[in-house]
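Reader: Hi! Could you walk me through this one before I start clicking around?
Author: Happy to, let's put it on screen and talk it over.

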Amino acid sequence: MRFQNEHLVAERDGTVLASVPDLICVLDYDAGEAVTTESLRYGQRVAVIAAPADPRWHSPAGLEVAGPRYFGYDIDPVRVTQ
């Protein structure tokens, strides 16, 4: 089973900026509170941030169960740097 109730890939103008297994978070632009996938609405003002996952998630074994290809994206993972 592949569960996809989260943000898996962040891109701008066709360029991938971040992907799983790193964390991609959407925040309400004014309040700074988390916006869940089910409450995200068209036209809502948001900020998107990314945080690096534990390096073990970027190992071959970690990517096998939490990398972009596991979720059906034909891309290499794009790591977030600190």
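**Contacts, pocket and residues**

Author: Of the contacts in the protein chain with a separation of 6 or more, 52% are between residues 24 or more positions apart, where contact means heavy atoms within 4.5 Å. This is a predicted model, in which local features need pLDDT of at least 70 and side-chain atom pairs count only at pLDDT 80 or more, while totals for chains, interfaces and linings use all residues. Residues are numbered from 1 along each chain as its sequence is written, and side-chain values use heavy atoms, with hydrogens and water left out.

Reader: Thanks! How many helices and strands are there in the protein chain?
Author: The protein chain has 1 helix and 4 strands, running β-β-β-β-α from the N terminus. Helices (H or I, at least four residues) and strands (E, at least two) are DSSP runs, numbered from the N terminus.

Reader: And what box do the C-alpha atoms fill?
Author: Roughly 40 × 30 × 25 Å, taken along the principal axes. Of the 82 residues in the protein chain, 22% are buried. Here buried means under 20% relative accessible area, exposed over 50% and partly exposed in between, with a 1.4 Å probe and protein chains only.

Reader: How much area does the chain expose?
Author: About 6,000 Å², with carbon and sulfur atoms supplying 53% of it. Accessible areas come from the Shrake-Rupley method with a 1.4 Å probe, and for residues only the protein chains shown count as cover.

Reader: Switching to pockets, how much space lies in the largest pocket?
Author: About 210 Å³. It is lined by 13 residues, and E6, V20, P21, D22 and L23 are the closest to its centre. A pocket is found on a 1 Å grid over the protein atoms alone, as an open set of points where a 1.4 Å probe fits, with protein on both sides within 12 Å along at least five of seven lines; lining residues have an atom within 4 Å of a point. Grid points are joined across faces, edges and corners, and the volume is the space filled by probe spheres set on the points.

Reader: Which element gives the largest share of that lining?
Author: Strand β3 (residues 23–28), with 3 residues. By class, the lining has 10 nonpolar, 1 polar and 2 charged residues. Ala, Val, Leu, Ile, Met, Phe, Trp, Tyr, Cys and Pro count as nonpolar, Asp, Glu, Lys and Arg as charged, and the others, Gly among them, as polar.

Reader: You mentioned P21. Where does P21 lie?
Author: P21 is in the loop between β2 and β3. The peptide bond leading into P21 from V20 is cis, with omega near 15°.

Reader: Nice. What about S19, buried or exposed?
Author: S19 is buried, at 0% relative accessible area, and lies in strand β2 (residues 15–19). Beyond neighbours within four places in sequence, S19 is in contact with L8, V9, I24, P68, I75, D76, P77 and V78. A polar atom of the S19 side chain lies 2.9 Å from the backbone nitrogen of V78.

Reader: Which other residue in β2 is worth a click?
Author: Try V16, which is in strand β2 and partly exposed at 22% relative accessibility. Leaving out neighbours within four places, V16 is in contact with V9, A10, E11, I75 and V78. V16 and I75 are 59 residues apart along the chain, with their C-alpha atoms separated by 8.8 Å.

Reader: And what does V26 touch?
Author: Not counting residues up to four places away, V26 touches H7, E33, A34, V35, L40, V46, A47 and V48. V26 sits in strand β3 and is buried, with a relative accessible area of 8%.

Reader: Where would I find A50?
Author: A50 is in strand β4 (residues 46–51) and is partly exposed at 33% relative accessibility. Apart from neighbours within four places in sequence, A50 is in contact with A18, L23, I24 and V80. A50 and D22, one of the pocket residues, are 7.0 Å apart C-alpha to C-alpha and 28 residues apart in sequence.

Reader: Last one: what is the phi of D13?
Author: Positive, about 50°, although D13 is not a glycine. D13 is in the loop between β1 (9–12) and β2, and counts as exposed at 77% relative accessibility.

Notes. Polar contact = N/O pair within 3.5 Å; in protein donor to acceptor, adjacent residues only side chain to side chain.
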